Amino acid sequence: MNRIAKFEKVSLEQFTDGWTDTFQGASKDDAEKIYNEIRLPRRATAGSAGYDFFSPAEFILSPGETVKIPTGIRVWMEPEWVLKCYPRSGLGFKFRLQLNNTVGIIDSDYYYSDNEGQIFAKITNDSNEDKTVKIKAGDGFIQGIFVEYGITLDDDVTEVRNGGFGSTSK
């Protein structure tokens, strides 16, 4: 097994900025309490490919509702690897819980971004069976899988990332 990455928490300041920006009216004290309870992603079993990300707070989503969740997590990984994020299988199967970008792609250089590489998950309850999703604080809600990738022989990109979502296509 290749050991190619390490999960870390972002700074309290960075998490608080993300939390209070996402949840208008949330206090810095509330954000700090949530931050102190954040758990690093981990695999459930030795045979698991996915690292479970744990919800930093409780979320209840009625059908059609969406929430953007600052996870407070960043990941350092070796170059030529990517972290691909998906909904946890059971939540997708039972409730049609969807990541809004279908698959979250966390590039190795995102770690060095000006937001410390904080991973956000924007999820929607896409239930067509009128099911409400309740994700408790500490529940696994998305999973990340590390995948090695290659580039073309004629690739000569030298640009350096500075930003988050969509920053590499500007």
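Which backbone oxygen lies 2.8 Å from a polar atom of the side chain of Arg-74? In this predicted model, the partner is the backbone oxygen of Glu-116. Arg-74 is part of strand E5, which spans residues 73–77. With a relative accessibility of 14%, Arg-74 counts as buried, because the limit for that class is under 20%. Beyond four places in sequence, Arg-74 touches Lys-6, Phe-7, Glu-8, Lys-9 and Val-10, and also Tyr-111, Glu-116, Gly-117 and Ile-119. Glu-116 therefore appears both in this contact list and as the residue whose backbone oxygen faces the arginine side chain at 2.8 Å.

Four strands form an open sheet in the order E2-E11-E6-E8, and their pairing is antiparallel. The edges are strand E2 (51–54) and strand E8 (104–107), each of which pairs on one side only. From one strand to the next, the twist averages 30°. Strand E6, residues 81–87, and strand E11, residues 140–148, are joined by seven bridges in the antiparallel sense. Within this pairing, Tyr-86 has Gln-143 of E11 as its bridge partner, and Val-82 is matched with Val-147 of E11. Strand E11 also pairs with E2, again in the antiparallel sense, over four bridges. There, the bridge partner of Phe-53 is Ile-142 in E11.

The largest nonpolar core of the model comprises 35 residues. Leu-83, Ile-123 and Phe-141 are the members with the most contacts inside this core. In soluble globular proteins, nonpolar side chains tend to be buried together. The surroundings of Ile-123 were examined further, leaving out residues up to four places away in sequence. Ile-123 touches Leu-61, Glu-65, Thr-66, Val-67 and Ile-69, together with the run Leu-97, Gln-98, Leu-99 and Asn-100. The remaining contacts of Ile-123 are with Ile-135, Phe-141 and Ile-142. Phe-141 is thus a contact of Ile-123 as well as one of the residues with the most contacts inside the core. Ile-142, also touched by Ile-123, is the bridge partner of Phe-53.

A search of the whole structure returned five salt bridges. One of them joins Arg-88 to Asp-52, with the closest N and O atoms 3.4 Å apart. Arg-88 lies in the loop between E6 and helix H3 (89–95), whereas Asp-52 belongs to strand E2, so the pair ties together parts that are 36 residues apart in sequence. Asp-52 is buried, at a relative accessible area of 11%, while Arg-88 is partly exposed at 30% relative accessibility.

Another salt bridge is formed by the side chains of Glu-58 and Lys-134, at an N to O distance of 4.0 Å. Glu-58 is located in the loop between E2 and strand E3 (59–61), and Lys-134 in strand E10, so this pair ties together parts that are 76 residues apart in sequence. Glu-58 is partly exposed, with a relative accessible area of 44%. Lys-134 also counts as partly exposed, at 47% relative accessibility.

A salt bridge between Glu-129 and Lys-131 has its closest N and O atoms 3.1 Å apart. Glu-129 counts as exposed at 52% relative accessibility, and Lys-131 as partly exposed at 32%.

Positive phi values were also examined. Most residues other than glycine have a negative phi. Asp-130 departs from this pattern, with a phi near 60°. Asp-130 is placed in the loop between strand E9 (120–125) and strand E10 (133–135). At 64% relative accessibility, Asp-130 counts as exposed.

Thr-102 likewise has a positive phi, near 65°. This threonine lies in the loop between strand E7 (97–99) and E8, the latter being an edge strand of the open sheet. Thr-102 counts as exposed, because its relative accessibility of 59% is over the 50% limit.

Conventions: Residues numbered from 1 in each chain as written. Predicted model: local features only at pLDDT ≥ 70, side-chain atom pairs only at ≥ 80, totals over all residues. Heavy atoms only, no water. Pairing = 2+ DSSP bridges. Helix = DSSP H or I, 4+ residues; strand = E, 2+ residues; numbered from the N terminus. Axes fitted to C-alpha atoms, helices over the stretch in contact; angles between N-to-C directions. Core = buried A, V, L, I, M, F, W, Y, C linked by side-chain atoms within 4.5 Å. Buried < 20%, exposed > 50% of the residue type's maximum accessible area, 1.4 Å probe, protein only. Contact = heavy atoms within 4.5 Å. Polar contact = N/O pair within 3.5 Å; in protein donor to acceptor, adjacent residues only side chain to side chain.
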